[in-house]
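Trainee: I should be grateful for a close look at one part of this structure, namely the metal site and the charged side chains around it. Please take me through it step by step.

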Amino acid sequence: MKIICIGRNYTDHIKELENEKPADPVVFLKPDTAILLKKQPFFIPDFSNDVHHEVEVLVKIAKVGKYIDKKFAHKYYNEISLGIDFTARDLQAKLKEKGLPWEKAKAFDGSAVIGNWMLKEEISDINNVSFTLEKNGNVVQTGNTSHMLWKIDELIEYVSKYFTLKIGDIIFTGTPAGVGRVIAEDKLGGFIENKQMFSITVK
Ligand code: ZN
């Protein structure tokens, strides 16, 4: 399976990082080795002093497809979740400066937190899902899928032009404002509406 990540999909996060609003979604991949195993802590890698949390809504692909029209995209997923796209911001800044790919800063082991899955039927409107990230009991990021620049079905249409989507592939749909550094012993909890989707400790 592969993990397809979307960058800069919320205007407030674009402002935060002083990026320009892109004409197309920013897309990058993480390998399956990036998945943080269930019940394991997240270890800050030794090549970074500035690892940030990015809380994101996740979509799990349930049907093989390529060139999927956004009108039919809803047929290609049944479950959503919440996760974290851990980012070594210091390393990413260096790579960006040189115009190099982001993988070392974004796709390292443990950088993809994947929460529990919920059926999309449990949600009344996929384009109006609110979510939060708590750090040590305080809310640090809040978002709502209604604020996405590209909605989930549009993202599926876009990424499937480039990559055949296969069963089990996961799309990270981008982070809202509030990204920030994590340090050892931080406890992170992710919620969709009021339902806890994951809980992890930083080491
Ligand atoms: Zn992200």
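Mentor: What follows begins at the metal site, moves on to the charged pairs, and ends with one of the sheets.

Please bear in mind that this is a predicted model. The zinc ion is coordinated by three residues, Glu54 and Glu56 through OE atoms and Asp85 through OD, at 1.9 to 2.1 Å. Along the sequence these donors follow the spacing E-x1-E-x28-D. Glu54 sits in the loop between strand E3 (51-53) and strand E4 (55-61), while Asp85 belongs to strand E5 (residues 77-85), so this pair ties together parts that are 31 residues apart in sequence. Both Glu54 and Asp85 are buried.

The remaining donor, Glu56, lies in strand E4. Glu56 is buried as well, yet has no salt bridge. The cut-off matters here: a salt bridge requires a side-chain nitrogen of Lys or Arg within 4 Å of a carboxyl oxygen of Asp or Glu, and the nearest side chain of opposite charge to Glu56, that of Lys106, is 5.4 Å away. A polar atom of the Glu56 side chain does, however, lie 3.0 Å from the backbone nitrogen of Gly174.

The other two donors are also engaged in charge pairing. Side chains of opposite charge can pair when their charged atoms come close. Asp85 forms a salt bridge with Lys30, with 2.7 Å from N to O. Lys30 is part of strand E2 (residues 26-30) and Asp85 of strand E5, so the pair connects parts that are 55 residues apart in sequence. Lys30 is buried, as is Asp85.

Glu54, for its part, meets the side chain of Lys106 in a salt bridge of 3.1 Å, N to O. Lys106 lies in helix H3 (residues 103-106) and Glu54 in the loop between E3 and E4, so this contact ties together parts that are 52 residues apart in sequence. Lys106 counts as buried because its relative accessibility is 3%, and Glu54 counts as buried because its value is 4%. Through shared partners, salt bridges join Lys30, Glu54, Asp85, Arg89 and Lys106 into one network. Two zinc donors, Glu54 and Asp85, thus appear among the members of that network.

For the wider setting, the count of salt bridges comes to nine. One of them is formed by Asp169 and Lys2, whose closest N and O atoms are 2.6 Å apart. This pair links distant parts of the chain, 167 residues apart: Asp169 is in the loop between helix H4 (152-162) and strand E11 (170-172), and Lys2 is in the segment before strand E1 (3-7). Asp169 and Lys2 are both buried.

Finally, a word on one sheet. Four strands form an open sheet in the order E10-E9-E13-E14, with antiparallel pairing. Its edges are strand E10 (138-144) and strand E14 (195-201), each of which pairs on one side only. From one strand to the next, the twist averages 15°. Within this sheet, strand E9 (residues 130-135) and strand E13 (residues 187-192) are joined in the antiparallel sense over five bridges. Lys135 stands opposite Leu188 in E13.

How values were computed. Residues are numbered from 1 along each chain as its sequence is written. This is a predicted model: local features need pLDDT of at least 70, side-chain atom pairs count only at pLDDT 80 or more; totals for chains, interfaces and linings use all residues. Side-chain values use heavy atoms; hydrogens and water are left out. Donors are N, O and S atoms within 2.8 Å of the metal (3.2 Å for Na, K and Ca); water is not among the atoms, so sites may look incomplete. Helices (H or I, at least four residues) and strands (E, at least two) are DSSP runs, numbered from the N terminus. Buried means under 20% relative accessible area, exposed over 50%, partly exposed in between (1.4 Å probe, protein chains only). Two strands pair if DSSP finds at least two bridges between them. Axes are lines fitted to C-alpha atoms, for helices over the stretch in contact, and angles run from 0 to 180 degrees between N-to-C directions. Lys and Arg count as positive and Asp and Glu as negative; His and the chain ends are not counted. A polar contact is a pair of N or O atoms within 3.5 Å; within protein, one must be able to donate a hydrogen and the other to accept it, and residues adjacent in sequence count only if both atoms are side-chain atoms.
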